[in-house]
Structure formats: C-alpha cells, structure tokens
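Welcome, and please open your viewer next to this page. We will go from one selection to the next, and at each stop you will read what is there.

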Amino acid sequence: MNILEELEWRGLIADCTDKAALNEKTSSRPITIYCGFDPTAESLHVGNLVPLLGLRRFQLLGHHPIAVAGGATGSIGDPSGKTAERQLLTKETIATNIASVKEQLRRLLDFDTKTNPARLVDNASWTENVTCLDFLRDIGKHFSVNQMIGKESVRARMEDREVGISYTEFSYMLLQAFDFYVLCRDSNCELQIGGSDQWGNITAGIDLCRKKLGKPVYGLTLPLITNTDGTKFGKTEAGAVWVDPRKTSVYKFYQFWIRTDDRDVIRYLKYFTFLSREEIGALERQHAEKPEARAAHRELARAVTKLVHGQEAADAVDLASEALFGSIHQKVHGGGGLDSSSSLQDYLRKSAGSFGVELLLESIVEDLPNVAVSKLKIESAGIPLVELLVTAGLCPSKGQARKDIEGGGVYVNNLRETDTKRALTPKDLLPGGKYLFLRKGKKNNIVVIAK
C-alpha cells in the first residue's frame with residue numbers, strides 16, 4: 001500500500017499540499033521526510049506519538065525519516081495552539097531534555113537498519129552559528145509580515161489584546177522554515193509532517209525552499225487528537241500521560257489505553273498501532289458484537305505499551321492486570337483457574353519475568369485505593385479477615401463482613417474466601433512481602449499494605 005493510502009485509511013491526514021504530486025513521488029521512489037519536536041519536557045507524552053509514529057509509518061514503507069530536536073526552536077517556544085507565552089528554558093535544560101527524549105525515540109524509530117535508518121538531528125547545530133544580521137538578510141527578507149500575520153498561529157494570539165504575541169514568538173515561524181530549508185539543501189528532504197497546528201509553519205518552510213532553492217517540497221499535517229466526549233486527549237486527573245516510566249508507570253500507561261472510551265477505541269487502534277486493516281476490522285466486529293468483552297481495548301493497550309515500553313513490560317502489566325482484576329484466569333494451571341493464593345503468587349512471578357514482580361506490583365498499587373496495616377501483627381497472630389474488611393472500609397461492621405464472606409462475595413488475592421474465621425498471615429502476602437489484594441463483589445478493590 002502507498003503511504004498516503006495507508007494514512008488516508010487510518011484517518012491520519014488533516015491537510016496536504018499538492019497531494020497528487022506527493023502521492024506520485026512517494027509511489028515511485030523513497031523520499032526523505034522530517035518531523036520536528038521541541039524538547040519542552042524531559043519526556044515525550046502520548047500526544048507526541050501520532051506525528052512520530054507517522055515517521056515510522058513512512059520508514060516501514062521504505063522512506064528516510066529524520067527526527068529534528070528543537071535545540072534552537074525550543075529555546076524560543078512555538079506560539080501555535082498556545083494562549084500564553086511559554087516559559088523560556090535554559091540551554092542546560094534543553095540539552096538534558098533532548099538526551100532523555102533521544103532514548104525514547106529509539107523505541108519508535110529504527111536507527112540501526114542498513115537500508116533507511118532514522119536520523120536524529122538538533123536544529124541548534126545549523127542555527128547557533130548564524131548571526132542575527134545574517135539570518136535577517138538571508139532568511140527574513142523572504143517573508144512578508146502581512147503573510148505571517150495571516151497565519152492562524154499568529155493571528156489568534158494577536159487578536160488577544162491582553163496576551164498578544166512577543167517578537168520572540170513571532171519569529172518562531174522563520175526558525176522552523178529555516179529548518180526545512182537546511183534539511184532540503186543538505187539532506188534532500190522533500191516532506192515535513194506535523195500536527196495540524198503546524199500548518200502555517202510548514203507552509204512557510206515550503207515557500208522558503210521554493211524561493212531560495214527553486215525546489216518543490218511538500219507538507220502534510222496529521223489531526224490533533226481529541227476524545228469523543230470532548231476531553232483533551234492524553235490528559236488524566238493526575239495530569240499528562242508520559243512515555244517515561246519514571247513519570248507515568250507502565251501500569252498507568254497501560255490503564256490509560258484500557259480506559260479508552262468505547263466510541264474512540266477503533267479510531268485509536270488506527271492512529272496508534274501498526275495492526276493491519278484485517279486485524280482492526282476483526283476487532284471492530286468483535287467490539288460491535290460484544291463490547292463488554294473489551295477485546296479492542298485490551299489489544300490497543302497491549303500494542304501501544306509494547307511499542308513504547310517493550311514486549312516484556314507489556315506482557316507483565318497485561319497478565320498481572322488479568323490475574324488481579326480480570327475474569328480471565330483460565331491460563332493458570334492449564335485452564336483450571338486460580339485454586340490457591342500461591343497460584344496467584346506464582347502467576348505474578350511468571351508474568352513479571354525480569355521486569356520484576358515487586359516493581360510491577362508497586363506500579364499497580366499506586367493507582368489503587370489502599371490501607372496500611374501492621375506487618376508485625378500479620379507476622380504474629382495474623383489479622384482476622386472480618387476485622388480487615390472493616391478497617392479497609394469494604395464493610396461497615398464485622399457483622400456485615402461475616403455475611404459478605406458467607407455469601408461468597410469476598411476475595412483475598414482474587415480467590416473467594418468463605419471462612420469467617422480466616423486470618424491473614426505472611427503466606428497471604430504477594431511476592432516482596434508487602435501487599436495483598438482484597439475485593440468485595442466485582443469492582444470494590446483495595447490494596448492492603450503491610451508496614
């Protein structure tokens with residue numbers, strides 16, 4: 001499939017300059033393409049994935065991708081889509097951010113293939129030695145202020161009389177256009193892609209390449225992602241969802257995708273995975289016939305987690321989530337289900353692999369309600385289950401706790417417990433000797449932390 005046909009099917013084309021010419025060019029030979037990102041944080045977030053995965057889609061079909069880190073543009077700040085001026089970052093912060101993000105990009109792009117390896121470049125390398133006068137004479141003279149004011153990213157800020165736009169941010173468009181010019185001149189780059197808010201900056205670069213090099217180049221924007229319910233994509237109550245596991249744990253990352261709105265899940269499978277038409281079509285049919293099974297959600301979460309954090313991490317959070325909270329336990333002991341608490345412990349060890357069961361559990365429990373109990377008490381006489389259910393807030397009284405246990409509605413480490421005299425001991429603690437899981441009914445989960 002031609003790359004533009006692939007992007008079109010996935011709903012990933014917002015705007016494109018001279019689509020017919022670009023389609024003919026990409027169909028006949030590999031081209032060089034670039035996407036820029038400004039290192040405004042020490043990690044990418046899920047909102048960055050669409051354009052960067054766009055680079056990967058081009059690479060998989062034989063084209064040559066360049067990721068441009070904005071060491072220069074990032075020190076200015078892009079006004080696109082912003083209602084206020086960005087805080088300027090120090091050079092040291094920008095350098096640190098670029099180093100961190102570079103490692104994350106290695107998961108998303110192939111820098112080692114011999115045929116069309118990805119490249120990562122910093123636009124400071126061709127910008128920092130250009131003097132202000134030379135830039136104004138050689139680049140600035142090719143831009144009409146009237147045209148620049150007409151760009152959406154500039155016009156929206158100029159219409160806000162309280163905030164306005166500084167000359168610094170006004171010049172951002174010229175710097176990004178300069179990037180396209182340098183990459184076209186030195187690397188024969190013919191296409192820039194980016195989010196739809198970058199359209200004005202991209203077309204400015206196209207004009208500069210035409211005026212200074214006399215070469216036709218192209219621009220393609222991908223849609224900015226919004227959720228069907230109107231909320232901002234990539235945001236949760238806890239803030240942005242980051243690619244760096246130190247900022248967003250692998251489990252929280254996985255859960256972000258699992259919790260995708262039913263109305264968005266097929267669309268996101270197209271945007272964020274490399275599943276084929278046939279695979280996504282099959283998931284779409286399953287989703288329509290049996291949405292409560294959440295097969296599409298689980299495949300989305302597994303695919304994106306694997307892409308960003310690797311196969312082992314994806315397997316660990318997927319299997320552990322099912323063991324602790326899901327209803328699919330047939331995988332344990334040849335389909336017999338979980339028949340003892342040690343089965344769950346063994347299963348967690350197996351699913352975590354070298355990812356580490358303690359690290360896995362820590363990433364899971366931080367996202368759940370919890371209650372602390374005395375580890376000393378557990379290690380001595382043990383804690384009566386009836387007492388713990390009240391302490392954890394799952395039952396209002398010991399009498400109700402006994403009724404719930406007798407009724408089969410209480411689970412310890414996901415195993416039903418019907419003995420009202422049951423006491424919890426160190427044997428019930430999961431690997432690491434710190435946690436155990438209590439559940440009442442289907443959804444009332446709480447983590448017991450032994451301290």
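## First stop: a covered strand

Start by selecting strand E3, which is mostly covered, with five of its six residues buried. Before going further, keep in mind that you are looking at a predicted model. E3 spans residues 64–69 and pairs with E4 in the parallel sense, over four bridges. With E2, E3 also runs parallel, and six bridges join the two.

Now pick Val-68 in E3. Which residue is the bridge partner of Gly-36? Val-68 is that partner, and Val-68 also stands opposite Val-121 in E4.

## The whole sheet

Widen the selection to the open sheet that six strands form, in the order E1-E6-E5-E2-E3-E4, with mixed pairing. At the edges you will find strand E1 (15–16) and strand E4 (119–122), each of which pairs on one side only. Strands of a sheet pair through backbone hydrogen bonds, either parallel or antiparallel.

Next, show helix H4, residues 91–108, which packs on the sheet and touches strand E2 (32–37), E3 and E4. The direction of H4 makes about 165° with that of E4. Then add helix H11 (residues 199–213): it lies across E1, strand E5 (189–195) and strand E6 (218–222). H11 runs at about 170° to E6.

## A helix with two sides

Select helix H2, residues 19–28, and colour Leu-22, Lys-25 and Thr-26, which are buried. Look down the axis of H2: its buried residues fall within an arc of 90°, so they line one face of the helix. What do the buried residues of H2 pack against? They pack against helix H1 (3–9), E1, E5 and E6. Turn to the other side of H2 and you will meet Ala-20, Glu-24 and Ser-28, which are exposed.

## Into the cores

Now for the nonpolar interior. In soluble globular proteins, nonpolar side chains tend to be buried together. Here the largest nonpolar core has 75 residues, and Leu-49, Leu-220, Trp-257 and Phe-272 have the most contacts inside it. Helix H12 (residues 250–258) gives the largest share of this core, seven residues.

Zoom in on Phe-272. Leaving aside neighbours within four places in sequence, Phe-272 is in contact with residues including Val-46, Leu-49, Val-50, Leu-53, Trp-257 and Leu-307. Another core, of 29 residues, lies apart from the largest one, and Val-68, Trp-126, Ile-139 and Tyr-181 are among its members. You have already visited Val-68, opposite Val-121.

## A histidine inside

Select His-297, which you will find in helix H15 (residues 295–309). Is His-297 buried or exposed? His-297 counts as buried because its relative accessibility is 0%.

Show the side chain of His-297 and look for its polar partners. One of its polar atoms lies 3.0 Å from the backbone oxygen of Thr-260. The side chain of His-297 also makes a polar contact with the side chain of Asp-262, at 3.0 Å. Not counting residues up to four places away in sequence, His-297 touches Trp-257, Ile-258, Thr-260, Asp-261, Asp-262, Val-265 and His-287.

## Stepping back

Finally, show the protein chain as a whole, with its 21 helices and 15 strands. It has 451 residues, of which 51% count as buried. Among contacts between residues at least 6 apart in sequence, 74% join residues at least 24 apart.

Methods: Residues numbered from 1 in each chain as written. Predicted model: local features only at pLDDT ≥ 70, side-chain atom pairs only at ≥ 80, totals over all residues. Heavy atoms only, no water. Buried < 20%, exposed > 50% of the residue type's maximum accessible area, 1.4 Å probe, protein only. Polar contact = N/O pair within 3.5 Å; in protein donor to acceptor, adjacent residues only side chain to side chain. Contact = heavy atoms within 4.5 Å. Pairing = 2+ DSSP bridges. Axes fitted to C-alpha atoms, helices over the stretch in contact; angles between N-to-C directions. Core = buried A, V, L, I, M, F, W, Y, C linked by side-chain atoms within 4.5 Å. Arc of directions from axis to C-beta.
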